Structures are given as C-alpha cells and as structure tokens.
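Student: I have a model open and a pile of terms I only half understand. Could we go through them together?
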Amino acid sequence: MIKTGNPIISIYTEMTPNPETMKFVANKLLYPGKSIDFADESLATPSPLAKELFSFPFIKSVFIASNFITLTKTIDTEDWQDIIPTIKEFLKQYLENGGMVVNEEEVAKVKQEASNTVSADDDDIVKRVKELLENYVKPAVEMDGGAIQFKSYNDGVVNLMLQGSCSGCPSSMITLKAGIEGMMKRMIPEVKEVVAEAE
C-alpha cells in the first residue's frame with residue numbers, strides 16, 4: 001500500500017552574483033507569482049517562515065518569491081558552505097510539515113507600496129515601465145535570486161527598489177544602469193534615467 005502524505009520536498013542551492021546571498025530553490029511553489037522582502041526581523045510578521053529563518057544567528061535578510069528563498073548572511077558569517085546544510089534541512093522539514101510561508105492577511109496590514117502590477121490610475125508611461133519590468137526584467141533577476149520593483153516615475157526618472165540578492169549586490173548597479181536603464185530609454189523614450197532606492 002502506498003502511503004500518501006505530505007510530498008517530499010527537495011531544496012537545492014544556487015549561487016547569486018551577490019556573494020552575501022544564496023538562493024534556496026524548492027520543488028514546490030512557495031509564494032506563486034509574488035515576492036516579498038524582509039530586510040530585517042522586525043518586518044517579518046507576515047511570514048512565519050521568515051520569522052523562523054531569522055532565528056538563525058547568521059541570517060540578515062529574507063526574500064521569498066515563487067519557488068525560492070534568497071537569504072542574505074550576516075557580515076561576520078564566514079562561509080555559506082558551513083551553513084547551507086543546516087538551512088536546507090530546516091526548509092525541507094518546515095515545508096514537508098506544511099508550515100505557512102506567507103500569511104496574506106498580515107501582508108495586507110503591512111503597506112506594500114512597491115509593485116509592478118499595473119493599476120487603473122497609472123499613466124501611459126508608468127504602465128509601459130511596469131510591463132517592461134514584469135516581462136523582461138523580472139525573469140532575469142529572479143534567476144539570480146532577486147527582484148526589482150517599480151517605486152515611482154517622475155519627470156523622466158524611474159525609481160526602482162532592489163530586493164533579494166539585488167539589494168546590496170556589487171553588480172546590481174551595472175545591471176541597473178547598463179541593462180535596465182539602457183533598455184527603458186530605447187523602448188520608452190520619455191525615460192531619461194533609472195535610479196535605485198534602498199529600502
């Protein structure tokens with residue numbers, strides 16, 4: 001007789017361009033089609049999983065997306081290789097036991113202002129910027145364990161927020177300026193500059 005219960009979860013890691021972050025990928029959707037960033041433990045209320053991860057002394061920030069979690073380690077933590085097995089085992093157990101990843105009711109209470117979702121009151125330029133971010137930028141930066149969210153557009157300047165491995169990554173400014181800004185200027189002539197805002 002085959003016993004059916006919670007599915008077996010497997011977790012594998014991927015390095016990111018940011019040496020301080022590591023991407024932990026699950027064979028299960030964690031937060032389908034969305035992402036949420038917790039820069040520190042005080043912001044982790046909407047995610048029981050993030051709160052548990054912050055109980056590890058070497059975790060500085062937690063970013064949760066569709067099927068992966070990007071963790072940023074503390075500066076005084078020497079090497080990822082020492083802590084990866086511990087985190088993988090914790091995530092496997094947590095997910096196999098059906099632990100809650102994100103509590104949507106709590107997310108609603110916390111004001112999330114950054115979003116690439118087009119809303120009815122967006123003007124034409126903002127709509128085009130958000131669509132470009134969603135269709136071209138999002139898939140690329142998610143591969144590296146991060147996210148880039150639209151913050152604001154004002155007088156030719158697009159303001160974006162870097163999350164996950166993109167936040168604090170040495171190469172993120174090059175990606176932002178050479179990649180995203182270049183593409184936006186070509187595809188949306190009204191855009192003059194793209195800047196990043198720290199959370």
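Student: What do E4 and E5 form, and how many residues are between them?

Tutor: They form a hairpin, with 3 residues between the two strands. Keep in mind that this is a predicted model.

Student: How do you know that E4 and E5 pair?

Tutor: Two strands pair if there are at least two bridges between them. E4 (residues 59–64) and E5 (residues 68–73) have 5 bridges, in the antiparallel sense, so they count as a pair. You can look up single partners too: Ile64 is matched with Ile69 in E5, and Ile59 stands opposite Lys73.

Student: Which other strand is joined to E5 by bridges, and in what sense does it run?

Tutor: That's E2, again antiparallel, with 5 bridges. There, Val25 has Phe68 of E5 as its bridge partner.

Student: What is the order of the strands in the open sheet?

Tutor: Reading across, you get E1-E2-E5-E4-E3, 5 strands with antiparallel pairing.

Student: Why are E1 and E3 said to stand at the edges?

Tutor: E1 (11–15) and E3 (36–38) each have a single partner strand, so one side of each lacks a neighbour in the sheet. From one strand to the next, the twist averages 20°.

Student: What makes you say that helix H2 packs on the sheet?

Tutor: Contact means heavy atoms within 4.5 Å, and H2 (residues 80–96) touches E1, E2, E4 and E5. Its direction makes about 30° with that of E2.

Student: Why is E5 called mostly covered?

Tutor: A residue is buried if its relative accessible area is under 20%. In E5, 6 of its 6 residues are buried. Both faces are covered: Phe68, Thr70 and Thr72 lie on one side, with Ile69, Leu71 and Lys73 on the other. As background, side chains in a regular strand alternate between the two faces of the sheet.

Student: What kind of unit do E7, H5 and E8 make?

Tutor: A right-handed β-α-β unit. E7 (residues 157–164) and E8 (residues 193–197) run parallel and are joined by 5 bridges. One of the matches there is Val157 with Glu193 in E8.

Student: How do you know that the span of H5 is close to what is expected?

Tutor: H5 has 16 residues, and 1.5 Å a residue gives an expected 22 Å. From first C-alpha to last, H5 reaches 21 Å, so the two values are close. H5 does bend, though, by about 30° at Glu181.

Student: Which residues of H5 are buried, and what do they pack against?

Tutor: The buried ones are Ser172, Leu176, Ile180, Glu181, Gly182, Met183 and Met184. The buried residues of H5 pack against H4 (124–143), E6 (146–154), E7 and E8.

Student: Where is Pro189, and why is it called exposed?

Tutor: Pro189 sits in the loop between H5 and E8. Exposed means over 50% relative accessible area; Pro189 has 54%, so the word applies.

Student: What is Pro189 in contact with, leaving aside neighbours within four places in sequence?

Tutor: Arg128 and Met184. You can also find Ile125, which is 64 residues away along the chain, with its C-alpha atom 9.5 Å from that of Pro189.

Notes: Residues are numbered from 1 along each chain as its sequence is written. This is a predicted model: local features need pLDDT of at least 70, side-chain atom pairs count only at pLDDT 80 or more; totals for chains, interfaces and linings use all residues. Side-chain values use heavy atoms; hydrogens and water are left out. Helices (H or I, at least four residues) and strands (E, at least two) are DSSP runs, numbered from the N terminus. Axes are lines fitted to C-alpha atoms, for helices over the stretch in contact, and angles run from 0 to 180 degrees between N-to-C directions. A crossover is right-handed if, with the strands pointing away from the viewer, the path from the first strand over the helix to the second runs clockwise. Buried means under 20% relative accessible area, exposed over 50%, partly exposed in between (1.4 Å probe, protein chains only). The bend at a residue is the angle between axes fitted to the seven residues ending there and the seven starting there.
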